Amino acid sequence: MKLWSGRFGKETDALVNAFNASIGFDQRLYREDIQGSIAHARMLAAREIISRRDAEEIESGLLEILQEIEAGKIEFTEDQEDIHMNIESILTARIGNAGKRLHTARSRNDQVALDFRMYVRREIKKVISEILNLEIILCEQAEKYQEAVMPGYTHLQRAQPVSFAQYILAYAHMFTRDVTRLEDCEKRLNECPLGSGALAGTTYPIDRWMTAKELNFDRPTGNSMDGVSDRDYAMELLSDLSILMAHLSRFAEEIILWCSWEFKFIELDDAYATGSSIMPQKKNPDVAELVRGKTGRVYGDLMGLFTVMKGIPLAYNKDMQEDKEPVFDALDTVEICLPVFAEMLKTMKAYPENMRRAAGRGFINATDCADYLAKKGMPFRDAYKITGELVAYCTGSNKTLEELKLDELRKFSDLFENDIYSALKLENCMALRNSYGGPSVQETARQIREVREFISARKI
């Protein structure tokens, strides 16, 4: 018999049972449900709404149920719809009237809202930990390749000289923003909805501050209607995870390009690549490709929840049962992508000589040539034009700027002197880019240090 069956004269149709039930996916909230119920029972006893003895029986019974769930000894049923009703019905069957008193001054609406917030809060910490582990690996790789010159790109065209360390650290900075976004989400969600009731609070003399403190929330939610119907934190989480996956996907795209024969800047470890069923020479970057592909899945979860929430009037509506699966799916996806992506990066091999060779053929020191003339007194726009003419001349002659003789250079400007060759050397071009945030060894060392400090401050 359903716990809410008193109003009804008929049994629920089997099809409706199956359609209505959420136990197939919300059973993962069992731990949060039990923790919330224990806090609620303690508060009820403290406020003398139920007896101490009843509260102790409830707590003891719930802890026993928790142990049995984790030992795989309990089977949940669709007939009780969700994890909340399943646990309460099991508890009531075991301890009788004390179990029936647990739901005093509480609704499933605030119970669900509580459990989901607690679950999201817990999972945010896990995701942050995985991102920080990835950042540790990025710092280690960046440290090894601070002097490895490679072309930086715009429009996927070789643009200016950077280091492999600078390239890697660009992603480290993206991931630090992902961490702070998730931390902000956690701060905003850390209000306790328990005590909001169905939507209008309760007539019982409850202590919402006590339950909030018991469950490590900063405070109770300030409005009971908002308390049961707010899913902003879930939408914010999915937004944050979507941005995180965008960063992983962009990095995955770089990895896929870099390990191709056309680039050959890196090679993935055999343990993080796969072969072909027909082409024996193939070594495919499947991990990177799957991360790139799974990004769309997380975007879909975000849009799914946005669509569910966009037209729901206050307060709770059954539509909101559809909030959990997209969040569960997105978290599962992110939590499988992050560690495998991190290990793929940790075990990859870089080829700095190939990066340097590519850098040498792309005229990526053209800006430095223009800057050389500008520093000699020529207006930058004139220097830019002359350098463009030089590049066109080199292209026609199949030469690089560094390969031009001084007399060839002086045909374009008499400001060129022998020191132009030092200015055009790619290692010098990179080293001199020591403005804050630049690719020089001095600056990448500072960036690595700051990322490490960011990680250390979070004590993973």
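**Q&A on a predicted model**

Q: Which three residues form a nonpolar patch on the surface with about 260 Å² of accessible area together?
A: This is a predicted model, so let's start on its outside. One patch member sits in the loop between strand 3 (191-192) and helix 9 (208-214), and that residue is partly exposed, with a relative accessible area of 36%. The full trio making up this nonpolar surface patch is Leu199, Met225 and Leu314.

Q: Which residue does a cis peptide bond join to Leu314?
A: Most peptide bonds are trans. Here, though, omega is about 5 degrees for the bond in question. The partner lies in the loop between helix 12 (286-309) and helix 13 (324-347). The residue joined to Leu314 through this cis bond is Ala315.

Q: Which helix gives the largest share of the largest nonpolar core?
A: In soluble globular proteins, nonpolar side chains tend to be buried together. The largest core here has 107 residues, and those touching the most other members are Phe164, Leu241, Leu248, Ile255, Ile266 and Leu345. The largest share of this core is 14 residues, and they come from helix 11 (residues 232-258).

Q: How many residues are in the second core, the one that includes Tyr372 and Leu401?
A: This core is separate from the one just described. Besides the two residues named, Ala370 and Leu404 are among its members. Its size is 17 residues.

Q: Which residues does Phe164 touch, not counting residues up to four places away in sequence?
A: Phe164 is one of the core residues that touch the most other members. Ile266, also among those core residues, is one of its contacts. With sequence neighbours up to four places away left out, Phe164 touches Tyr145, Ala148, Met150, Trp258, Ile266, Met348, Ala350 and Met355.

Q: How far from Asp115 is the nearest side chain of opposite charge?
A: Asp115 is found in helix 7 (residues 108-144). It is buried yet has no salt bridge, and its contacts beyond four places in sequence are Leu29, Glu32, Asp33 and His84. The nearest oppositely charged side chain belongs to Arg106, and the distance is 6.6 Å.

Q: Which residue forms a salt bridge with Asp82?
A: Asp82 is in the loop between helix 4 and helix 5 (83-95), and its partner is in helix 7, 26 residues apart. Asp82 is buried because its relative accessible area is 6%, under the 20% cut-off. The partner, at 21%, counts as partly exposed. The closest N and O atoms are 2.8 Å apart, and the partner is Arg108.

Q: Which residue in helix 4 (residues 52-70) pairs with Arg31?
A: Arg31 sits in helix 3 (residues 30-46), and the pair links parts of the chain 39 residues apart. Arg31 is partly exposed at 26% relative accessibility, and the partner is partly exposed too, at 46%. With the closest N and O atoms 3.4 Å apart, the salt-bridge partner is Glu70.

Q: How many residues apart in sequence are the parts that Arg188 and Glu236 tie together?
A: These two form a salt bridge with the closest N and O atoms 2.5 Å apart. Glu236 is buried, with a relative accessible area of 19%. Arg188 lies in helix 8 and Glu236 in helix 11, so the salt bridge ties together parts whose separation in sequence is 48 residues.

Q: Which residues are linked with Glu32 in a network of salt bridges?
A: The count of salt bridges comes to 35. Glu32 has already come up as a contact of Asp115. In the network, Glu32 is linked with Arg122, Glu123, Lys126 and Glu335.

Q: What is the phi of Lys264?
A: Most residues other than glycine have a negative phi. Ala105, in the loop between helix 6 (97-101) and helix 7, goes the other way with phi near 65 degrees. Lys264, in the loop between helix 11 and strand 5 (266-267), is buried at 15% relative accessible area. Its phi is positive, about 55 degrees.

Q: Is His173 buried, partly exposed or exposed?
A: His173 lies in helix 8 (residues 164-189). Beyond its neighbours within four places in sequence, it is in contact with Gln447 and Val451. Its relative accessibility is 30%, so His173 counts as partly exposed.

Notes:
Residues numbered from 1 in each chain as written. Predicted model: local features only at pLDDT ≥ 70, side-chain atom pairs only at ≥ 80, totals over all residues. Heavy atoms only, no water. Helix = DSSP H or I, 4+ residues; strand = E, 2+ residues; numbered from the N terminus. Buried < 20%, exposed > 50% of the residue type's maximum accessible area, 1.4 Å probe, protein only. Contact = heavy atoms within 4.5 Å. Patch = residues over 30% accessible without salt bridge, like charges linked within 9 Å, V, L, I, M, F, W, Y side chains within 5 Å. Areas by Shrake-Rupley, 256 points an atom, 1.4 Å probe, with all protein chains shown as cover. Salt bridge = Lys/Arg side-chain N within 4 Å of Asp/Glu carboxyl O. Core = buried A, V, L, I, M, F, W, Y, C linked by side-chain atoms within 4.5 Å. Lys, Arg positive; Asp, Glu negative; His and termini not counted.
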